Amino acid sequence: MINKNPYIPVPVEITKIIDEVDTHDIKTFRLVFLNKDDEANFKYLPGQFAELSIYGKGESPIGIASSPTEPGYVEFTVMRMGAVVPGTVTSALHDLDEGAKIGIRGPLGNSWPIEFLEKKNIVVVGGGFAFTTLRSLINYMLHKDNRKRFGDITVIYGARNPGLLLYKDELAAWEKRDDINSIITVDKGDEAWQGREGFVPAVCKEVAPSPKNSVALICGPPVMIKFTLPVFFELGFSKENILTSLEMRMKCGIGKCGRCNVGYKYVCSDGPVFSLGELDELPRDF
Amino acid sequence: MLKKISINKISELAAALMDKGLLLAPVKEISGYNFVEIKDPKQVDLDFHNTIASPKAAFFPHKEDFIKYETGKPIDTASVVALNLPPAFLFGARPCDVKSFEIMDIHFNASGIVDPFWKQRRETAVIFGYAFDLEKPAQPEEFYQTLGIGAADPEGSDVFMVKKGGDLLLNSVTPKGEKILAELKVLNEGKAADKKYYEEYIKKGKEYKTRSMCLEPGAITKKLEDLFYNTDFWTRVSSACISCGVCTFVCPTCYCFDICDDTLFAQGIRRRVWDACMFTDFTLEASGHNPRTHVYQRLRQKINHKYSYHVRKYGVISCVGCGRCTKHCPVNIDIYSLIEDAMKA
């Protein structure tokens, strides 16, 4: 971040809003910087996040869903919160139309470790809404300039039902490509669903990706993670080769406000990406 | 450079400092002493042991405005609050509190992204440290000796002050301190006997007795790591805690803050305000998930942050033994005894 005062957001315009799911509570916002300098300063890698800012409402840390290989804009997929505690910022964001201007602070946090992933086979496992920064990584790896830097790419992505799958057009496009093995599953299909049915852990077991020279990146709801990890341990993946991205309540996003620590690490500045090996060193306080 | 002034004339020194900038000094308020911005030089009162709140607010105010805006107006009409600070004089800070600034510097100024507000406030301030009165015993809650901090340590101050009978001796510690002492015409030159008294006082300060135990940072860090999942221990030590957060607000090294939008009609300000890890919603996520719903988890977080996480991250214990948390805790939780208990557990 080059901005001298790290607490001040820069202005962006919402140029496109995509209603992602049947429940209409997850939208992808395409943001374009109002100032070219701000755009140039916003150099990010897949796995990073930013604070989306609406004056009068507050800020919310959201993972970047677009890939740095898509110049000119940056995308965030945001769920409207508020069922349990007030989702003030996400609700306000969902109420905005294309053309509205908001603020952004970032990019923040570490990223998926691109250098570590190079020359390796990549297994991406995602569940439900927790697929946004994984989508960023997949699109990054699939870019023509980058594809040869990585080995085989396997994507296992599941949602509760077909209407809850994110990025449906892209999923369809990946299925047509021969340089990515994309397996899409739903817990329960509907009448129109032609694809696979089954829970993510079971599908992982069935697909059985080889641990040889492979790294697994796993993001999803806690229950999915809980049952998926044993599958990967059984397949022979080491804790150093299983990566995930943590969430904690955040404010500053730069390791100063003391809110998002897990042990002596701050999720915002030391993370959000950690290997299971790294998490084993930290207390279970998240 | 050693100077002196009669304590009777302290308001003349205060007036001279006020001519040069903002003066923050101890003032007697209804419930005790506090550092406040001096409006009338006669307010300054050095007849105190220590203040209720730590002087951290000099560099990390309770409220720090970031941006002003009007709701509903385009985002680019918002204005960043400029921090054009006048020179400031923090007058009368005790050695343990001065030490806290060094600990906070590591976090705000010397690692990762620099906090521009902390940095600027530190740079524009001159610190007049003030030795504890060695003739009087330490307060029961104090334990700075445990943390290796003396009652008359000048390190970290720009000017260090010692009481000698009815006089106040002022010695420069840094070039910044030397410059200001040279400019203050209200001060008299210190004599050789004053110099000797000052130096002996500093030495004697090292032996000043507060509660003390052997506390090696590596050992307490390891002990707390081993103790993390001992829920019985944490439940026992936190059983009285009411999550009021006063321990964090009076603490010189607690720095957790919230960033919030305050609006009144169309006028809005985004600012940071002090926050406390003892509050139930501190880690409450929008999903409803909260990793620290129980009071024992929050007290465990606070103790670990000071005595374990901070050591792992920055190499120092984030406590100066001032004892304010103990003194002001409404349910008498004593951090010193808690650490003793932890070491024995």
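How are H6(B) and H11(B) oriented to each other? They are roughly perpendicular, because their angle of about 75 degrees falls in the range of 65 to 115 that counts as such. Keep in mind as you look around that this is a predicted model. It holds a chain A of 286 residues and a chain B of 345 residues, and the points below take you through each chain, the place where they touch, and a few local details.

**Chain A as a whole**

- Chain A contains 8 helices and 15 strands.
- Its C-alpha trace extends over about 50 × 45 × 40 Å along the principal axes.
- The radius of gyration of chain A is 18 Å, which agrees with the value near 19 Å for a compact globule of 286 residues.
- Of the residues in chain A, 49% count as buried.
- Among contacts in chain A with a separation of 6 or more, 68% join residues that are 24 or more positions apart.

**Chain B as a whole**

- Chain B contains 11 helices and 12 strands.
- Along the principal axes, the C-alpha atoms of chain B fill a box of roughly 65 × 60 × 40 Å.
- For 345 residues, a compact globule would have a radius of gyration near 20 Å, and the 22 Å of chain B agrees with this.
- Buried residues make up 43% of chain B.
- Of the contacts in chain B with a separation of 6 or more, 71% are between residues 24 or more positions apart.

**Where the chains meet**

- On the chain B side, 37 residues are in contact with 39 residues of chain A.
- Four elements of chain B each give two or more residues to the side that touches chain A: strand S4 (63-70), strand S11 (257-264), strand S12 (267-274) and helix H9 (295-314).
- The element that gives the most to this side of chain B is S11(B), with 6 residues.
- By residue type, the side of chain B that touches chain A divides into 22 nonpolar, 7 polar and 8 charged residues.

**The largest nonpolar core**

- The largest nonpolar core has 165 residues, and the members that touch the most others are Leu217(A), Leu90(B) and Met161(B).
- Helix H2 of chain B, covering residues 95-108, gives the most to this core, with 6 residues.
- If you would like a place to start exploring, try Leu217(A): leaving aside residues up to four places away in sequence, Leu217(A) touches Trp112(A), Val124(A), Val125(A), Leu134(A), Leu137(A) and Leu243(A).

**The two helices from the opening question**

- Helix H6 of chain B covers residues 217-227 and helix H11 of chain B covers residues 335-344; their axes are 9 Å apart.
- H6(B) brings Ile220(B), Lys223(B), Leu224(B) and Leu227(B) to the contact, while H11(B) brings Ile339(B), Ala342(B) and Met343(B).
- The residues of this contact divide into 6 nonpolar, no polar and 1 charged.

**Cis peptide bonds in chain A**

- The peptide bond from Gly106(A) to Pro107(A) is cis, with omega near -5 degrees, and Pro107(A) lies in strand S6 (residues 101-108) of chain A.
- Another cis peptide bond joins Gly271(A) and Pro272(A), with omega at about 10 degrees.
- Pro272(A) lies in the loop between strand S14 (265-266) and strand S15 (273-275) of chain A.

**Loop residues worth a look**

- Asn213(A) is not a glycine, yet it has a positive phi of about 50 degrees.
- You can find Asn213(A) in the loop between helix H6 (200-207) and strand S11 (214-219) of chain A, where it is exposed, with 11 other C-beta atoms within 10 Å.
- Ser243(B) is not a glycine either, and its phi is positive at about 55 degrees.
- Ser243(B) lies in the loop between helix H7 (231-238) and helix H8 (246-250) of chain B and is partly exposed, with 14 other C-beta atoms within 10 Å.
- Gly148(B) lies in the loop between strand S7 (125-130) and strand S8 (159-164) of chain B.
- With 14 C-beta neighbours inside 10 Å, Gly148(B) counts as partly exposed.
- The C-alpha atoms of Gly148(B) and Gly321(B) are separated by 9.4 Å, although these residues are 173 residues apart along the chain.

Note on methods:
Residues are numbered from 1 along each chain as its sequence is written. Chains are lettered from A and ligands numbered from 1 in the order in which they are written. This is a predicted model: local features need pLDDT of at least 70, side-chain atom pairs count only at pLDDT 80 or more; totals for chains, interfaces and linings use all residues. A nonpolar core is a set of buried Ala, Val, Leu, Ile, Met, Phe, Trp, Tyr and Cys residues joined through C-beta atoms within 7 Å. A residue is buried if 20 or more other C-beta atoms lie within 10 Å of its own, exposed if 12 or fewer, and partly exposed in between; C-beta atoms are placed from the backbone. Two residues are in contact if their C-beta atoms, placed from the backbone, lie within 7 Å. Ala, Val, Leu, Ile, Met, Phe, Trp, Tyr, Cys and Pro count as nonpolar, Asp, Glu, Lys and Arg as charged, and the others, Gly among them, as polar. The radius of gyration is taken over C-alpha atoms; the globule rule is 2.2 Å times the number of residues to the power 0.38. Axes are lines fitted to C-alpha atoms, for helices over the stretch in contact, and angles run from 0 to 180 degrees between N-to-C directions.
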